[in-house]
Amino acid sequence: MRITDARVIVTCPGRNFVTLKIITDEGVTGVGDATLNGRELAVASYLKDHVVPLLIGRDPARIEDTWQYLYKGAYWRRGPVTMSAIAAVDTALWDIKGKVAGLPVYQLLGGRSREGVTVYGHANGETVDEVLEEVARFRDMGYRAVRVQVAVPGLKGTYGVSKDKMFYEPADAALPSETEWSTERYLQFVPGVFARVREEFGPDLKLLHDVHHRLTPIEAARLGVALEPYALTWMEDPVPAELQEGFRLIRSHTRTPIAVGEVFNSIWDCHTLITEQLIDYIRTTVVHAGGITHLRRIFDLASLYHVRSGSHGATDLSPVCMAAALHLDISIPNFGLQEYMRHTPETDAVFPHGYRFEDGYLHPSEEPGLGVDIDEELAARYPYKPAYLPVARLQDGTMHSW
């Protein structure tokens with residue numbers, strides 16, 4: 001079997017997605033997600049202009065060799081564009097291998113380590129009362145874990161809070177919109193929110209909170225201490241992780257678990273954080289961290305240091321990536337949680353898939369391969385639309401420096 005063609009498909013059924021479809025001479029195809037939110041066309045060009053020509057004629061069964069070839073052969077290694085492109089190829093090849101074997105991909109990864117994948121949803125609101133209603137809604141839908149975000153009073157816009165509660169998409173404009181930030185107001189406000197949530201819902205519901213990289217290490221430590229009485233499952237992205245040493249300071253002050261890594265694209269981005277046990281959950285993803293092959297390496301390293309997986313799963317990951325993530329999630333021994341933001345009906349139609357949600361768990365498809373595809377004819381009806389994530393400024397107009 002040989003690769004005869006590879007198509008890069010850009011579509012926007014409510015938000016932009018980049019998908020790679022690999023075709024073989026025996027008619028077996030595979031799909032991989034290559035979406036990089038806000039920089040989608042950069043990855044599409046990387047694939048079309050630099051990767052697809054290298055795939056033609058290759059043996060699709062040689063997944064590891066192809067991964068090494070694309071990673072080492074480029075000379076300019078790593079980075080989100082390169083690793084998202086490699087991820088698309090890798091994921092599509094795993095899809096093909098599963099179809100050839102007649103097995104779902106998780107069976108090729110060692111089979112099930114659990115019956116279902118525990119997922120968490122996003123409860124957000126403009127007020128505390130509104131977010132309490134949203135937490136109740138997710139609980140009633142069967143979710144066992146909920147991320148809680150509330151608008152900070154007195155600020156113009158808060159990242160993570162949306163009008164559309166079920167299909168939240170933060171990339172909201174053809175040019176970046178601007179929001180306002182005050183660390184002082186945030187630190188004063190958030191602990192009281194979780195006091196209300198715990199009072200309302202008791203100790204059993206898993207609660208999470210995303211800081212969105214907005215604090216310094218000592219500020220994050222202060223927040224972690226303030227949140228300890230409410231037993232969060234994790235405090236996410238407390239500081240930007242370029243300075244991994246900063247997590248040592250946070251760790252020395254608070255027992256609130258820490259999650260980070262959705263913007264990481266290689267094992268080297270999280271090596272110190274994992275091996276020094278500075279975090280509790282690693283949030284790297286299939287699409288941004290080099291595909292199933294490389295993400296499994298990250299999770300294997302994490303398992304040696306008592307770090308669990310907690311992969312990013314927002315709407316900027318297509319159902320192709322979610323399907324791939326579930327096959328990995330259900331097979332690894334150190335799974336923690338999987339983020340699950342539901343896609344719109346339009347997106348689900350473009351990407352027909354077999355995974356399903358039931359009683360707080362996602363279940364991967366039992367079809368051979370990943371159990372997901374792309375309807376290319378329907379995808380063509382939704383052309384690309386520029387969309388950027390908002391940027392934050394301090395109240396005095398300074399760009400947020402972290």
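Which residues of helix 2 (residues 63-72) are buried? In this predicted model, the buried residues of helix 2 are Ile-63, Thr-66, Trp-67, Leu-70 and Tyr-71. They cover an arc of only 125 degrees around the axis, so they are on the same side of helix 2. Their packing partners are helix 1 (40-55), helix 3 (80-101) and helix 10 (291-304).

**The protein as a whole**

Helix 2 belongs to a protein with 13 helices and 15 strands. The radius of gyration is 21 Å, close to the 21 Å that the globule rule gives for 402 residues, so the protein is as compact as a globular protein of that length. The C-alpha trace spans about 60 × 45 × 45 Å along the principal axes.

Some overall values are collected here.

| Property of the protein | Value |
|---|---|
| Share of the 402 residues that count as buried | 59% |
| Exposed area | about 16100 Å² |
| Share of the exposed area supplied by carbon and sulfur atoms | 51% |
| Positive side chains | 40 side chains |
| Negative side chains | 53 side chains |
| Distance between the centres of the two charge sets | 3 Å |

Contacts can also be sorted by how far apart the partners are in sequence. Taking the contacts with a separation of 6 or more, 73% are between residues 24 or more positions apart.

**Helix 11**

How many residues of helix 11 (residues 319-329) are buried? The count is 11 of its 11 residues, and the helix is described as mostly covered. Among them are Pro-319, Val-320 and Ala-323. The buried residues of helix 11 also include Cys-321, Met-322, His-327 and Asp-329.

**Val-372**

Where is Val-372 placed? Val-372 is in the loop between strand 14 (361-363) and helix 13 (376-379). A residue counts as buried when its relative accessible area is under 20%. Val-372 has a relative accessible area of 6%, so it is buried.

What does Val-372 touch, not counting residues up to four places away in sequence? Its contacts include Pro-319, Val-320 and Ala-323, three residues that are buried in helix 11. Val-372 also touches Val-31 and Asp-95, as well as Phe-351, Pro-352 and His-353. Asp-95 has a number that falls within helix 3 (80-101).

Leu-304 gives a further point of reference for Val-372. These two residues are 68 residues apart along the chain, and their C-alpha atoms are separated by 32 Å.

Methods. Residues numbered from 1 in each chain as written. Predicted model: local features only at pLDDT ≥ 70, side-chain atom pairs only at ≥ 80, totals over all residues. Heavy atoms only, no water. Helix = DSSP H or I, 4+ residues; strand = E, 2+ residues; numbered from the N terminus. Rg over C-alpha atoms; globule rule 2.2 N^0.38 Å. Buried < 20%, exposed > 50% of the residue type's maximum accessible area, 1.4 Å probe, protein only. Contact = heavy atoms within 4.5 Å. Areas by Shrake-Rupley, 256 points an atom, 1.4 Å probe, with all protein chains shown as cover. Lys, Arg positive; Asp, Glu negative; His and termini not counted. Charge placed at Lys NZ, Arg CZ, Asp CG, Glu CD. Arc of directions from axis to C-beta.
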